[in-house]
Amino acid sequence: MYSFFPQTRRFSLPKRDNCNTMDFMSNPPKDPGSVLPREEYIEQAYLFKVLRERMHETATQELMITVQHEILATTRLPMAMEYMASTLKHTGSMADAMAGMPHYFTPFQTFVMSEAERDDGKFDFQIALLLLEREAKCRADALPPQALFLYQFEAISRNRLHYDRGLKAVAGDPVFDDEWRQWILWVRRQLGVIDVAELIYVRSAYYPIVRRQDPGKPFLFGEKEGRIALANRRKDPMYLFSALQRHLNYPEVPRRLPGDSREVILEKLMRSMERLESRMKFVEEEVHGGIDITRYYVKGD
């Protein structure tokens, strides 16, 4: 099993009797860009799985409160879910809640959820949850950074998400060091000009073997990745991703299976109604004397 995680900074977890959502939001880890412990990603994957499987049974904010009791109390996810449930009641958006916790959810996770919640409904919400579930499992399994990057890049490409904002979110992932971050931002500027396989091949360990010269920069990909990228130049990038999955066992991005279009339309309508209901409650409170924020105060010390 690959291992790319540096020495993980584990923040101290207070006792569950005294910890609450406000503590979680007001006292985040000292390093907001640090990698979380493995158990956090395992519980994140479980959360996305449960939301995907039970989203038709009840409203998302109610489901968030129910599932909270199934999550390990030794992780910080229950506190994050409290904040997400509260935000859902007012904005109807999970992406807004995740964006408010950059010390817990990565920019890519927030980006995927924001794309799934767009009003045009081009990106299926269930596929987004499945994508995040598998990505959390990749983090829990400590996959190398090149495998995680290619998974995220394929997810953007296959689902036709916004490349500019997507790659910017990928570059902000804490698993990538400065060298990776600079290269991802460079790829963001070169897309459409230079072939993706060419970009990978040039930064692989196979490039100096073929050219017989010092590349002058550290390798980001291995020799096998470089061979596969060289063989897939000037081809559809999906062929490159498929070859990497076959030969190097890289994680596969989920695809939507053909199904009943009526079910898809119903899912979109249900999400739209939930957001509309949350906004209407917010407007009604504002009309009838304003919003009472004292009910959100934390009781006790």
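This is a walk through the core, the salt bridges and the empty spaces of one chain. The model is predicted, so local features need pLDDT of at least 70 and side-chain atom pairs count only at pLDDT 80 or more, while totals for chains, interfaces and linings use all residues. Residues are numbered from 1 along each chain as its sequence is written, and side-chain values use heavy atoms, with hydrogens and water left out.

Let's start inside. In soluble globular proteins, nonpolar side chains tend to be buried together. A nonpolar core here is a set of buried Ala, Val, Leu, Ile, Met, Phe, Trp, Tyr and Cys residues joined through side-chain atoms within 4.5 Å. Buried means under 20% relative accessible area, exposed means over 50%, and partly exposed lies in between, using a 1.4 Å probe and protein chains only. The largest nonpolar core has 77 residues, and those with the most contacts inside it are M64, F105, F149, W183 and I184. W183 is worth a closer look: leaving aside neighbours within four places in sequence, W183 is in contact (heavy atoms within 4.5 Å) with F149, L199, I200, R203, L220 and F221.

Next come the charged pairs. A salt bridge is counted when a side-chain nitrogen of Lys or Arg is within 4 Å of a carboxyl oxygen of Asp or Glu, and the whole structure holds 13 of them. One joins the side chains of E70 and R54, at 2.8 Å from N to O. This pair links distant parts of the chain, 16 residues apart: E70 sits in the loop between α3 (60–67) and α4 (77–91), and R54 in helix α2 (residues 38–54). Helices (H or I, at least four residues) and strands (E, at least two) are DSSP runs, numbered from the N terminus. E70 is partly exposed at 35% relative accessibility, and R54 is partly exposed too, at 24%.

Other salt bridges sit within a single helix. In helix α13 (residues 223–231), E223 and R227 lie four residues apart, about one turn of the helix, and their closest N and O atoms are 3.4 Å apart. E223 counts as partly exposed with 34% relative accessibility, as does R227 with 46%. Salt bridges that share partners join R52, E133 and K137 into one network. Within that network, K137 and E133 form a salt bridge whose closest N and O atoms are 3.4 Å apart. Both belong to helix α7 (residues 125–140), again four residues apart. K137 is partly exposed at 43%, whereas E133 is buried at 4%.

Now for the empty space. Rolling a probe the size of a water molecule over the atoms shows where empty space is left. On a 1 Å grid over the protein atoms alone, a cavity is a set of points where a 1.4 Å probe fits but cannot get out, a pocket is an open set with protein on both sides within 12 Å along at least five of seven lines, and lining residues have an atom within 4 Å of a point. Grid points are joined across faces, edges and corners, and a volume is the space filled by probe spheres set on the points.

There are two cavities of 30 Å³ or more. The largest cavity holds about 210 Å³ of space. Its lining has 15 residues, with M55, T60, F125, R271 and E274 nearest the centre. Two elements, α3 and α15 (261–287), give two or more residues to this lining, and α15 gives the most, with six.

The second largest cavity has a volume of about 40 Å³, and its lining consists of A147, L150, Y151, E154, F241, L244, Q245, Y250 and P251. Helices α8 (145–158) and α14 (237–248) each give two or more residues to it, with α8 giving the most, four. Among these lining residues, E154 lies in helix α8 and is buried at 3% relative accessible area. Beyond its neighbours within four places in sequence, E154 is in contact with F241, Q245 and V253.

Finally, the second largest pocket has a volume of about 180 Å³. The core residue W183 returns here, in a lining with E179, Q182, W186, V202, R203, Y207, P215 and K217. Helix α10 (residues 178–190) gives the most to this lining, with four residues.
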